[in-house]
Amino acid sequence: TKLEDWAQSDEYHNSFLIRKDEALDSALQTSSENGLPDIAVTSAQGKFLKLLVQSLRARKILEVGTLGGYSTIWLAQGLSDDGELITLEVSEKHAQVARGNIENAGLASKVKLIVGNAPETIKELGPAESFDLAFIDADKQNNFTYFQESKRLVKKGGVIIVDNVVRYGRVADPTYLDDRVEGVRTLLKGIKDDTEVDATTIGTVGEKGYDGFLYAIKL
Ligand code: SAM
């Protein structure tokens, strides 16, 4: 199948480009042992996020959707010693697994996990224009709310990444009507005439299928 080919290609590239990391491997393992869904970013995507943090020399990062902390660890590994990451998660169970994983990665002092419904908790964050990067990967129905709030929170020139905006091409297929797909469409419509941001979609394909990141900057 295509998925097997894509997974094989990821594995091939990763074998050259991604070093073994005990904390990341263990985060995936404990997530699975605790029954969390297998919906974290791939290692290639996690590495991209880490490299982005380093390129931006980001010191303050927002993440929406923690799950077991896998992407959190990738992002926080790119931070400098005085850097900080705030991650938002609604599930107390996911948060508990994530706390263990973040602690095990030696990143607890840099990561603040806020448990609660992110459309509400994100509104309490501030000050405006204090973050360098936002990574949005939670309930897709609220993508536009998260994007608007992230736009408030990131500095001019700051980056907002939204995961899962392609969904095997379903977002572009008008016969597809589920709420997650609609959540992405609402986001795209909202960005279309927004002169405060500029954005593009980067399609991603690999071990977790065919999807994409929206990459936006605040102008
Ligand atoms: N970013 C993670 C990674 O790559 O390792 C994966 C995040 S997973 C795709 C989405 C997470 O968002 C889940 O843990 C889910 O519980 C959380 N979530 C869903 N709805 C939420 C909400 N309203 N507020 C906060 N978190 C929410």
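**Reading the fold, starting from Ile-136**

Q: Leaving aside neighbours within four places in sequence, which residues is Ile-136 in contact with?
A: Two residues are in contact if their C-beta atoms, placed from the backbone, lie within 7 Å. For Ile-136, the partners are Val-64, Asn-143, Tyr-146, Phe-147, Ser-150, Ile-160, Ile-161, Val-162 and Asp-163. Keep in mind that this is a predicted model, where local features need pLDDT of at least 70, side-chain atom pairs count only at pLDDT 80 or more, and totals for chains, interfaces and linings use all residues. Numbering runs from 1 along each chain as its sequence is written.

Q: Which residues touch the most other members of the largest nonpolar core?
A: A nonpolar core is a set of buried Ala, Val, Leu, Ile, Met, Phe, Trp, Tyr and Cys residues joined through C-beta atoms within 7 Å. Buried means 20 or more other C-beta atoms within 10 Å of the residue's own; exposed means 12 or fewer, and partly exposed is in between. Here the core has 52 residues, and Ile-136 is among those touching the most members, together with Ile-61, Leu-133, Ala-134, Ile-160 and Val-162.

Q: Which helix 7 residues are buried?
A: Helices are DSSP runs of H or I with at least four residues, strands are E runs of at least two, and both are numbered from the N terminus. In helix 7 the buried residues are Asn-143, Thr-145, Tyr-146, Phe-147, Glu-149, Ser-150, Lys-151 and Leu-153. That is 8 of the 11 residues in 143-153, so helix 7 is largely enclosed by the rest of the structure. Four of these names may look familiar: Asn-143, Tyr-146, Phe-147 and Ser-150 are also contacts of Ile-136.

Q: Where do the buried residues of helix 2 fall, seen down its axis?
A: Start with the residues themselves: Leu-24, Ala-27 and Ser-31 are buried. They fall within an arc of 55° (taken from the directions from the helix axis to the C-beta atoms), so they line one face of helix 2. Their cover includes helix 4 (70-77) and helix 5 (92-104). The face turned away carries the exposed Glu-22, Asp-25, Gln-29 and Glu-33.

Q: What is notable about the backbone at Leu-67 and Pro-127?
A: Most residues other than glycine have a negative phi, and most peptide bonds are trans. Leu-67 has a positive phi of about 50°, and sits in the loop between strand 1 (60-64) and helix 4. Leu-67 is buried, with 26 other C-beta atoms within 10 Å. The peptide bond from Gly-126 to Pro-127 is cis, with omega near -5°.
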